[in-house]
Amino acid sequence: MVHSSSRRSAGLLLLLALAAGCRPRVGDQAVARPNVLLISIDALRADRLGTYGHTRPTSPFLDELARSGTVYERAFVATHGTTPSHTTMLSGLYQEAHGVGLERMAQGVVDVGIPDAVPLVQEQLRAAGYSTIGITDGGNIGRRFGFSRGFDRFDDKGGGLARTAPLLVSELARARQAHPGRPVFAFLHTYDVHSPYRPPPEARAALAIPESVANAHTRFLLRNSRNPAAMGASRLAEVSALYDAEIRDVDRHLRALFDALEADDFLDHALVLITSDHGEEFGEHGGLLHGAKLYDELMRVPLLVVGERISRGERRSRLISAVDLVPSILDHVGVARSSPLVGRPFLGPAALERVAAVLAQYGRRLYAVRTERWKLIQHDTGRFELYDLVADPREKSNVAQQHGDVRARLAGVIARFRESQARVAGTAPAVVLAEGAAGELAQG
């Protein structure tokens, strides 16, 4: 973040307002409330960024950005699949409560959208005086699923960051010109890391991937998703490298985006959060992409936060859930929550508190609870998997039989969680998929 004359002017206006004993008017809210930019990089697992320990140079810009803010080392989604997970990200509700993808699926694709009674963060910020902009790569996070609700401007035509990043810059300029002094909430989503893995030549070159290595298309990955070993170790390694190169390309686009935002002074008074809706598997538990599993390669995501009142160069190890994003944003910018939220803010003084556990689910097929040491996965068949994450961080050795007391205690946590989650009433828009669309949206 830069220190500019505009930032100094904003600070002076705030001091004058406080000295006069008055609160800034709605039209002056940029003085008191920062801009907010939430970026979701679809299918990005945390451990493929340098700031999380990856050895390949996938993320030079994001690593640099991380050093100017706070890195949350143990952030987890509460479900996965693009539509359900982004509903949680933008509502602060578990899948058990918002219901998206909880029961109704068509060929692996959610066929109902977000219920109208589910409050979304963009609606709450708009009601508090924010201009709201949503730009997504469409598909499973498009208008037809209800993601446009609460945005003044919404674009889901896609095209990847090559199109959407410049579009965001122009939409921000439009919003600030139309409503000077009004803060902006912007949400940017990209599939650029998501399959198919076909990175451009410059990203391949940066990671020393030969031109002879064939791209990995989604149909090929789906065909091998249940038995990646059949591809052979060398091809699996190539696929993993192509994924890394996709990240490198996203990193390049994000550097250009942030340069433009800084030049436009958007970042002078802003809160920026970068995260993902789920990770990706490369054979760790016998699969590819992101199927019906709750292991860390799918559930652990990056969470980088930079901006005003955000500590620089800090790394925090508190357990974070995706349900914590909305209350954290609202509390940080001083907007009252319009409805009760279960998440715990991770920005501000309370952020240093230890969290006992985070919970996750995959529809009603799988539930999981993760503590500092243990992770229990409960299947709808009654089967349990228990992992000692200190001794077995890769979740390879199921010790459910050896530690029956731990299994029973954590199963009780899951049972109480399910009992506590009241389903939000409301009408969910039906999503009618054109012929062939379900195949295109599968593995979202």
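**Group meeting: a walk through a predicted model**

Let's start with strand β16, where both faces are covered: Val358, Ala360 and Tyr362 on one side are buried, and so are Leu359 and Gln361 on the other. As a reminder, in a regular strand the side chains alternate between the two faces of the sheet. Put as a count for β16, which spans residues 358-362, that's 5 of its 5 residues buried.

Who does β16 pair with? The partner is strand β17, residues 366-370, running antiparallel and joined to β16 by 5 bridges. If you want a spot to click on, Val358 sits opposite Arg370 of β17. The two strands make a hairpin with 3 residues between them, and in that turn Gly363 has a positive phi of about 55°.

Before going on, a word about what we're looking at. This is a predicted model, and the average pLDDT over the chain is 89, with 87% of the residues scoring at least 70. Two stretches do worse. Residues 1-31 have a pLDDT below 50, and that stretch makes 36 contacts in the model beyond near neighbours in sequence. Residues 434-440 are also below 50, with 4 such contacts. Where pLDDT is low, the predicted coordinates should not be read in detail, so please don't zoom in there.

Now the overall picture. We have 14 helices and 19 strands in the chain. There are 444 residues, and 59% of them count as buried. The accessible surface comes to about 18200 Å², and carbon and sulfur atoms hold 52% of that. Taking the contacts with a separation of 6 or more, 71% are between residues 24 or more positions apart.

On to the sheets. One of them is an open sheet of 8 strands with mixed pairing, and the order is β7-β6-β8-β1-β9-β13-β2-β14. Which strands sit at the edges? Those are β7, residues 153-155, and β14, residues 314-316, and each of them pairs on one side only. Going from one strand to the next, the twist averages 10°.

Helix α10, residues 233-263, packs on this sheet and touches β1, β8 and β9; the direction of α10 makes about 170° with that of β1. Looking at β9 a bit further, residues 270-275, there are 4 bridges to β13, residues 304-307, and the two run antiparallel. Within that pairing, Leu271 has Gly307 of β13 as its bridge partner.

There's also an open sheet of 3 strands, in the order β12-β3-β15, again with mixed pairing. Here β12, residues 300-301, and β15, residues 320-321, are the edge strands. Strand β3, residues 75-76, pairs with β15 in the parallel sense over 2 bridges, and Phe76 stands opposite Ser321 of β15.

Last stop, the aromatics. How many aromatic pairs turn up in a search of the whole structure? The search finds 9. One to look at is Phe151 with Phe154, a stacked pair at 5.8 Å centre to centre, with 25° between the planes. What about burial, are these two buried or exposed? Phe151 counts as buried because its relative accessibility is 7%, below the 20% cut-off. Phe154 is buried as well, with a relative accessible area of 13%. Add Phe185 and you get a cluster, with ring pairs linking Phe151, Phe154 and Phe185.

That's my tour; happy to take questions.

Notes:
Residues are numbered from 1 along each chain as its sequence is written. This is a predicted model: local features need pLDDT of at least 70, side-chain atom pairs count only at pLDDT 80 or more; totals for chains, interfaces and linings use all residues. Side-chain values use heavy atoms; hydrogens and water are left out. Two strands pair if DSSP finds at least two bridges between them. Axes are lines fitted to C-alpha atoms, for helices over the stretch in contact, and angles run from 0 to 180 degrees between N-to-C directions. Contact means heavy atoms within 4.5 Å. Buried means under 20% relative accessible area, exposed over 50%, partly exposed in between (1.4 Å probe, protein chains only). Accessible areas come from the Shrake-Rupley method with a 1.4 Å probe; for residues, only the protein chains shown count as cover. pLDDT is the predictor's confidence in each residue, from 0 to 100. Rings of Phe, Tyr and Trp (its six-membered ring) pair if their centres lie within 6.5 Å; planes under 30 degrees apart count as stacked, over 60 as edge-to-face and the rest as tilted.
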